[in-house]
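Dear colleague,

Please find below the structure that I agreed to pass on to you. I should be grateful if you would read the notes after it with the model open.

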Amino acid sequence: MSDKSKIEFSSSEKNIIAKSLQDYFDKELDQELGNVEAQFLLDFITDEIGSYFYNRGIYDAQAILEQRMENITDAVYALEKPTKFDR
């Protein structure tokens, strides 16, 4: 991944996500995860698997756009006036 397409979070976003990781480890795994460790884990997740989630979001957005474009195309064709010409 080039720097231009690197997934990055603001400091406040990182803090919120790290806190969520800490809470998960505490509640679900009964393990304490310090803030530094949570930040490292977040960096790992972002760097190693973040692209999979990002790409899924892109694919979902593309599917929505294709559906909307199809609806727009149908709406435009519905405006067509009848003529003696066939398409």
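The notes below go from the overall fold to individual residues.

Please bear in mind that this is a predicted model. The protein has 3 helices and 0 strands, and its elements follow the order α-α-α from the N terminus. Its radius of gyration is 23 Å, well over the 12 Å that the globule rule gives for 87 residues, so the protein is more spread out than a compact globule. Along the principal axes, the C-alpha atoms fill a box of roughly 75 × 30 × 20 Å.

As to the surface, the protein exposes about 7900 Å², and carbon and sulfur atoms supply 55% of that area. Of the 87 residues, 11% count as buried. Among contacts with a separation of 6 or more, 41% are accounted for by residues 24 or more positions apart.

Two places may be of interest to you. The first is a nonpolar surface patch formed by I49, Y52 and F53, which together have about 390 Å² of accessible area. Of these residues, I49 is found in the loop between α2 (35-48) and α3 (50-78). I49 is partly exposed, because its relative accessible area is 34%, a value between the limits of 20% for buried and 50% for exposed.

The second is D47, which has its place in helix α2. D47 is also partly exposed, with a relative accessible area of 45%. In sequence, D47 and I7 are 40 residues apart, while their C-alpha atoms are 7.6 Å apart in space.

With kind regards

Note on methods. Residues are numbered from 1 along each chain as its sequence is written. This is a predicted model: local features need pLDDT of at least 70, side-chain atom pairs count only at pLDDT 80 or more; totals for chains, interfaces and linings use all residues. Side-chain values use heavy atoms; hydrogens and water are left out. Patches are made of residues with over 30% relative accessible area and no salt bridge: like charges are joined within 9 Å, nonpolar side chains (Val, Leu, Ile, Met, Phe, Trp, Tyr) within 5 Å. Accessible areas come from the Shrake-Rupley method with a 1.4 Å probe; for residues, only the protein chains shown count as cover. A salt bridge is a side-chain nitrogen of Lys or Arg within 4 Å of a carboxyl oxygen of Asp or Glu. Helices (H or I, at least four residues) and strands (E, at least two) are DSSP runs, numbered from the N terminus. Buried means under 20% relative accessible area, exposed over 50%, partly exposed in between (1.4 Å probe, protein chains only). The radius of gyration is taken over C-alpha atoms; the globule rule is 2.2 Å times the number of residues to the power 0.38. Contact means heavy atoms within 4.5 Å.
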